[in-house]
Amino acid sequence: MSISIKLEYNHLPRLSAAMRRKASEVVRKVTFEIRDGAAVRSRVDTGNMKGGWKAEMESDLSGLVSNAVSYVAYHEFGTRNIPAQPMATPAAEAARPGFEAAMKQIADAA
Amino acid sequence: MSELAAGAKWIYGVLTTDATLQGYIGATARVYDTLAPENATMPFVTFQYQGGYDVRTNGPARIWASTVWLVKAIGTGSTFATLQTIAGRVDALLTGKYGSNTAGQVWCVREQPFQLLEVDAGVQYRHVGGLYRLWIREA
């Protein structure tokens, strides 16, 4: 079972091309930041799960962080007898204030 | 750091004092912080902090902590039906609610439903619940 986090900012289509480029840079930066944050938080035995985190841009304003390793969800959310070791969730939460601040800065500068 | 204590205390308190939920998971309140004891009777409910961040003023002072918690019912069986009933009651007790205790004040909404199937030695263990956003201000 794989997990993924999709990062979107829905009001951006109204913005100018220049703002859109800046917003895209922010989405890209934060998408990779979340991937790195998830990897750092990963339990390591073989390194398979830690190395399984991927970041990609689905479009200029949509980034995707995912991990296709079959057991990653059991670590992220826990099982009946293993406590969760959250990776993607805290990485996304940690990135959220910076993401929102950067987007606000772009909007304020318009 | 008392925000996380306030959050855990509030969730536990709400879920262990509801007669309807006790009807589903037992009067001894099988609600566990992070991990159930080995061989705990199923179904039971667990909750765990998943992540969060501090919301600040312009200076270093914290206004509150914005936190995410996974709250879920876990049990065996070939369908999610029974657990969905439990998770529904948990959601009714938490979503849109406000509470306070000695550690702080808590506001709660559900951000995402949650469902997971775990198979171990041929036995299906099902998890149903939600990811809950708790805004917590320490006392």
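**Exercise 1. Place T31(A) in its element, and decide whether T31(A) is buried or exposed.**

Solution. In this predicted model, T31(A) sits in helix α1 of chain A, which covers residues 17-40; helices here are DSSP runs of H or I with at least four residues, strands are runs of E with at least two, and both are numbered from the N terminus. The next step is the relative accessible area of T31(A), which is 1%, so T31(A) is buried; buried means under 20%, exposed over 50%, and partly exposed in between, with a 1.4 Å probe and protein chains only. Finally, leaving aside residues up to four places away in sequence, T31(A) touches L7(A), A55(A), E56(A), M57(A), G63(A), L64(A) and V65(A), where contact means heavy atoms within 4.5 Å.

Residues are numbered from 1 along each chain as its sequence is written, and chains are lettered from A in the order in which they are written. Local features need pLDDT of at least 70 and side-chain atom pairs count only at pLDDT 80 or more, whereas totals for chains, interfaces and linings use all residues; side-chain values use heavy atoms, with hydrogens and water left out.

**Exercise 2. Describe the order of elements in chain A and how many of each kind there are.**

Solution. Chain A holds three helices and three strands, and along the sequence they follow the pattern β-α-β-β-α-α. Of its 110 residues, 45% count as buried. Among the contacts in chain A between residues at least 6 apart in sequence, 65% join residues at least 24 apart.

**Exercise 3. Set the radius of gyration of chain B against the value for a compact globule.**

Solution. The rule takes 2.2 Å times the number of residues to the power 0.38, with the radius computed over C-alpha atoms. For 139 residues a compact globule would have a radius near 14 Å, and the 16 Å of chain B agrees with this. Along the principal axes, the C-alpha trace of chain B spans about 55 × 30 × 25 Å. Its elements, three helices and six strands, run α-α-β-β-β-α-β-β-β from the N terminus on.

**Exercise 4. Characterise the interface between chain B and chain A, and state which residues of chain B lose the most area.**

Solution. Begin with the contacts, in which 25 residues of chain B meet 18 residues of chain A. The two chains bury about 1600 Å² between them, 59% of it on carbon and sulfur atoms; buried area is the accessible area, with a 1.4 Å probe, that two parts lose on being put together, summed over both. On the side of chain B, Q50(B), Y53(B) and L116(B) lose the most area to chain A, together 32% of what that side buries.
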